[in-house]
Amino acid sequence: MVSCPMRPIDRLFSCLALFLAIAAVPVAPVRAAETCPFISAQELARAMPALKWSLISNQDGRGCIYQAGRGDTMMLTVFRNPDKDRAGELYATFVKTLGERMPLNAVAGIGDEGQGGTSAAGAQRQEASVVALSGDYILQISVYPIGRRADDALLGPITEAARVAIGNVSKSSERFGNCEWLTAADADGFLDKGTLTVQRTGAGSCMMFDREANTMTVAVIAISRDTVVSMMKRTGPCKHVAIPELGSEAFGEHSCTKGNGNAVNIYVWKNGRQASILFAPVKPHPESGTVERLKAVAGRVYGKL
């Protein structure tokens, strides 16, 4: 999930769709020895002594996912923004969206401002959440309990955890202004260079987006050739096209009947790594439905693998 949109809700949904697409690719399991950069195991235990959380994933320094023995899930996410104005805009959107699921109250002592709440007793999915703004950063912690009510007894400890984590948000791996895989010139013809923002979203990924919330993204992962070949052959909601000039494993996807039907994605593979080069406009675009122009961008990424 990535931060700092010009139109926040469109940007957020685009990023969530991208995360789900990347998550669908088989990768090696996360090692249990990982730590969360925003809150230590000891600090979390002090803030939430009634629950024993196990860290199951550190999302490239952008957030942490935990599970408890009874099946509860906790999501800690940090969103970095290019400046305070955009952070405030995204925070307002988060509060509005969260407020549609639950009543919210102001939470004191967490960053510049914060809101927290719990879902209604009859809600199908129980949730307790805190969202807070601190300078250029937004922190959100959400717990989804299994078989019990999300109430104030759960919200209080989440709030204490947020007070600790908000002090460490600058440890996020997200960066702005440069990318090891893409340059602003690569976005020519795809994005509006006059409102272009470049964001490094993790150890192997980066993104560009414009004021319309159109995006161009590269995500690089370690993956076997056999898995890539299997991806090429799979059936799905998108049209496939082979791109042999970028290697026998390269292929593109476009005109998807599910998800963003305007998106175009190219996958290339070299030296045990796969790169996904995604162009995701929010509405029909001259480059929708074809991989031809995006192949030039993919070729430059391929040369850097």
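Analyst: Buried means under 20% relative accessible area, exposed over 50%, partly exposed in between (1.4 Å probe, protein chains only). This is a predicted model, where local features need pLDDT of at least 70, side-chain atom pairs count only at pLDDT 80 or more, and totals for chains, interfaces and linings use all residues. Residues are numbered from 1 along each chain as its sequence is written, and side-chain values use heavy atoms, leaving out hydrogens and water.

User: Which residues of α6 are buried?
Analyst: Helices (H or I, at least four residues) and strands (E, at least two) are DSSP runs, numbered from the N terminus. Helix α6 covers residues 294-304. Its buried residues sit on the same side of the helix, because they cover an arc of only 155° around the axis (directions from the helix axis to the C-beta atoms). They are Leu294, Lys295, Val297, Ala298 and Val301.

User: And which strands do those buried residues of α6 pack against?
Analyst: Helix α6 packs on the sheet, and its direction makes about 25° with that of β14 (lines fitted to C-alpha atoms, for helices over the stretch in contact; angles run from 0 to 180 degrees between N-to-C directions). With contact set at heavy atoms within 4.5 Å, the buried residues of α6 pack against β11, β14 and β15.

User: Which are the edge strands of that open sheet?
Analyst: Strands pair if DSSP finds at least two bridges between them. Eight strands line up as β8-β9-β10-β11-β15-β14-β13-β12, with antiparallel pairing. Each edge strand pairs on one side only, and the two are β8 (175-176) and β12 (239-242).

User: What is the bridge partner of valine 268 in β15?
Analyst: Look at β14 (residues 264-270) and β15 (residues 273-280), an antiparallel pair with seven bridges. Across from valine 268, the partner in β15 is alanine 275.

User: Which exposed residues does α5 carry on the face turned away from its buried side?
Analyst: In α5 (residues 225-233), Val228, Val229 and Met231 are buried. They span an arc of only 155° around the axis, so they share one side of α5. Their cover includes β12, β13 (251-254), β14 and β15. The face turned away carries Asp226 and Lys233.

User: Why is β6 largely enclosed by the rest of the structure?
Analyst: β6 pairs antiparallel with β5 (residues 113-118) over six bridges, glycine 116 standing opposite valine 130. It also pairs antiparallel with β7 (residues 137-144) over seven bridges, where alanine 132 stands opposite leucine 139. β6 (residues 128-134) is largely enclosed because the buried share of its seven residues is six.

User: Which residue takes a positive phi in the hairpin of β6 and β7?
Analyst: The hairpin has two residues between its strands. The one with a positive phi, near 60°, is glycine 135.
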